[in-house]
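Okay, thanks everyone, let's get going. I'll put the structure up and then walk you through a sheet, a chain and a contact.

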Amino acid sequence: MTPRLSRRAALAGGGAAFAAGLAACAPPNPGEVNAEPTIPPADGKVHLSYWAWLKDLQNVCDVFNQSQDRIQVDATWIPGGNSGGYAKILSAIAAGGGPDIAQVELRQIPEFALAGALVDLSRYGFNEKESLFDPGAITQAKVGDTIWGVPQDTGPVATFYNRAVLEEELGLAAPATWDEFYETAGIVSEAGKMLISLDPSDGSHPIAWVMQAGANWFRPEGDGWIVDMTGDASMQVAEYWDRIFAEKLVGTGYGSFTTPWYAAAADGNVLASISGSWSDALVKTVPDGEGKWAVAPMPTWPDGYASGGHGGSAAAVSSTSQHPAEALEFLTWMCTDPAGIDAMIKHSGIGWSPAADYIGESRQQPDEFFSGQNYNEEVIVPMAEGQNLEWTWAPLMQRVQAIVGDGMTTAVTGEVPLADMFAAAQTEIVEIMRTIGLNAEEAR
Amino acid sequence: MSTAEIDTTTTGRRKPLGNAAKAARGDGRAGARDAGRKPTTTIIVTALLAIVALYFLVPVYWVVINATKSTEDLFGTSGFWFGENFQLLENMRAVLDANGGIFPRWGLNSLLYAGVGSVLATYFATAAGYALAKYRFRGRNFVYALVLGGVLVPGTAVALPLFFLFSSMGITNTYWSVLIPSLVSPFGLFLASIYASAAVPEEMLEAGRIDGVGELGLFHRLALPQLTPALVTILLFQFVAIWNNYMLPLVMLADEKLYPITLGLDNWRAQTDRLPEFYQLTIGGALLSVIPLAILILVLQRFWRGGLTEGSVKG
Amino acid sequence: MRSRTAPWVLLAPFLVLFIGTMIIPIIMAIGYSFTRVERSGLLGEGGTKSVFAGLDNYLAALTNANFIESIGRMILFGVVQVTVMIVAATILALLLESASAKWPGFFRATYFLPYGIPGVIATILWSFLYIPGLSPIVDVLAVVGIDVDFLGPSMVLWSIANIVTWTYTGYNMLIIIAQLKSIPGELYEAAKIDGATSFRVAMAIQLPLIRPALMLTIIFSIIGTLQLFAEPRLLQTMSAGITSEYTPNMSAYAFAFQYNDIGMAAAQSVIIALAAFLLSAVALGVSNWTEKRS
């Protein structure tokens, strides 16, 4: 090669790279897939990839794969959402790849939709399937009238408690109302034990509390969001817990199902956990707990709902999927067909069933560990039916949870009460929503 | 450092120059310094160094011991000694077979990224460093300043925009997305240019030119052999840098089949929360990936030393 | 080929790659950092567009308590960890070079060994030594009555510092040894004739003369500190003390891939790069200044 040419080539190469760089200088836009025509079902056989952190999900998929021969679903395990799973899904989809179906927690769905990572399922006629689902499940996958994911399990809150100690030793009962909770917690703490122990940095608890009390923190209105964290229901919850924290009636050193919690629960020093229905499997690993534990409804307010939502996931169809129709066919089976539900309970140990009228065969009988209590039908079913159906998740729940968690950490020390923190958080969240380009206002 | 100490420095530095004649007839440096050491000092210093060595070896020792255990023994027996079952071979086989033999593939990927990346990066950096050291041309200082900036900017700060750039070019989640950024070593360029200005004599190049050797030939045939110590250092430095990289492949790769060993092991470790059997896979995988590197490091550290001296003395 | 074009031919492959993988991304990051996304519809389904945001992202980043806290955390980490590591590396180098220990080759190799172990794998190894129930160290300490939670919110920063120190002390030690070896033997001879003790030799001759190597190691360590990402990110799943915005780098990563805020992520990346630049320049400046004074 002659020097002139190579020099020019070098310049041209550099120039081309430079131009490419400048062209890419606008931040990448989320996929416009929801403005494009829908993709019709394929003619031949279809392979679907499904990324999730549910264990042994392939076994569930195999039940479906063997039931028909058109759609083949392959599950791939990824780390839990906030442990790197979400970043993995989002970067893969942004790069034009990724799976057809991805596990996304219910509260994360709007955030994924905002990133342009999800297919608007309503465009594939999924609203017709809405009645197949538990209303408490499907409403959590919706923003306005649009369905963005297929609920795969939920976590209606209940009280899991050590009956042997609470009732037989201390002569108390599982609190039915929050007033009773206050009194019971006081007596338990005088006895040198803790009724519950919370990790104050975990923002999911206060959210479940206000949800039950009837607050709707994030209301879609027209083209924008109304953020309302200071309404009566929220303030009632804030003032109540400020009092609990000030009088140190509950433990705040560690959360439920952590190593120290298990140790304390085994010794009968922590007596309960007020958390999602999926807690049953975790409570069963309390050493020596068999026959001692029981399940009761979540304590209630005079007005408000029976229970709140704590955890739960959806299976969402990614915006890069070439087969949304087939993905929906599979997911409808998995999340509403009794065979799918039973397979998910058996292999993947999911939380509460998302289906309308089916809780799973294994959950319709008394449970040995919970001393023969038929807790699923007796307790969890009413909790699942008594959900706040007005609640909508906002497209920034990771940050909301972090803000609320940080706020509760300072509330526990008494620095800033929850009541003030909610007001400050409301202002901050509206600002963040505007920063990410949304139309948002504080409620008046 | 206080002024007083700096003053003694100056005197300390000046005196020996005056004494150089005296020193010149003295024996070698090591001999001179060995003389007069008390045996007690030797024992104390050796003991001290041995304790420090324990600190550096504990994690490696732990992984060797625990790679031989069953999952029950892992939790049930002391981490500092063997468990009841010795199943090193079974564990190793499980590591190599898991997921359809994905672990050997991760190893090969790492070798590909680090091997190809470091060889090409060394060649490119050396050619550029030599050009900057041996030619006077317009824009030379500008290039120098630009690359100096590149040395100081943390690589991770570049990883995110690079992802968006590659994403717009459609090459994320490919071998290229990790390989291409690995081909650049600004640090290597500096080392090469410092070394070249000292180790490649002008006269040699002039003699070559008179003999009719082309400019590229001068570099390849005359300069490169002189630069061997710098080449080894850059190669090793870049190899380790690519081998250790985590953020770049994490950002770029979604397909497990393209993972380097670091990302793959991280993926296994993340599964231990739910599936305890992954503890054994992670420990076994860590052992397998540490051993070849340890051997490589032990063998190559002598080469390393020579090269870095040049870099640090003159840099 | 004439020697006017030759340097450019030799430079070309490096420069093209350097521009493509460093300069352009940096320009892009700067570009992003001045933009903001506007979305119409509840979730942007009505379309999005980028608009010029001025310094908004920078103001937001610098008033974001978590980001500021993560920078403060890194400064604390850097001051403590880099100091401990450089002091340890210097002492080890001096001891090994003092010729008063047996088997210096073995020790040198042992100390350098961790450098060959990637940060990810080092973190995995150490995490096994941190997890209660798995760690023999926790067991041993519990026997003598010390209860430590290496992964607790107040301890975990130092547990990370330990991993970084473990990995890089030997590497820095080798750089210092290389410099020590370049000190002419006559200096030691003269000091001996003057009757100087080993300690005085170290303070008066060796330390001042290895200053360039120390500067090199300190600058690399500062840049390394600002890059801290893999270690805390891996430990995040095991420690409640590590948030998604624990270090500046983790924060930028979270804003880009979790919070849908590319502009903010870019602004944070630019701030990290500027900080690395400034800190390195300050370190170099201090070094030159003390050099001139001596």
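So, β7(A) and β8 of chain A, residues 224–227, run antiparallel to each other and are paired over 4 bridges. If you want a spot to click on, A:Phe218 sits opposite A:Val227 in β8(A). And before anyone asks: yes, this is a predicted model.

Which strands make up the whole sheet, and in what order? There are 3 of them, running β7-β8-β12 in chain A, and the sheet is open with mixed pairing. At the edges you've got β7 (218–221) and β12 (440–442) of chain A, each with a pairing on one side only. On average, neighbouring strands here are turned by 25 degrees against each other, ignoring direction. Then there's a helix on top of that: α16 of chain A, residues 418–435, packs on the sheet and touches β8 and β12 of chain A. The direction of α16 makes about 165 degrees with that of β12(A).

Right, over to chain B. How many helices and strands does chain B have? We get 16 helices and 0 strands. Of the 315 residues in chain B, 45% are buried. As for contacts in chain B with a separation of 6 or more, 74% come from residues 24 or more positions apart.

Now, confidence, since I know you'll want that. Chain B has a mean pLDDT of 79, with 82% of its residues at 70 or more. Where is confidence lowest and where is it highest in chain B? The low end is helix α1 of chain B, residues 3–18, with a mean of 33, and the high end is helix α9 of chain B, residues 175–182, at 94. The pLDDT is below 50 over residues 1–35 of chain B, a stretch that has 39 contacts in the model beyond near neighbours in sequence. It's also below 50 over residues 306–315 of chain B, where the model has 33 contacts beyond near neighbours in sequence.

Last bit: where the two chains meet. Chain B puts in 15 residues and chain A puts in 17. On the chain B side, the elements giving two or more residues are α8 (155–169) and α15 (261–271) of chain B. Which one gives the most? That's α8(B), with 6 residues. Sorted by class, the side of chain B that touches chain A has 8 nonpolar, 6 polar and 1 charged residues.

That's me done, over to you.

Technical notes
Residues numbered from 1 in each chain as written. Chains lettered and ligands numbered in written order. Predicted model: local features only at pLDDT ≥ 70, side-chain atom pairs only at ≥ 80, totals over all residues. Buried ≥ 20, exposed ≤ 12 C-beta atoms within 10 Å, placed from the backbone. Contact = placed C-beta atoms within 7 Å. Pairing = 2+ DSSP bridges. Axes fitted to C-alpha atoms, helices over the stretch in contact; angles between N-to-C directions. pLDDT = per-residue confidence, 0-100. Nonpolar A, V, L, I, M, F, W, Y, C, P; charged D, E, K, R; others polar.
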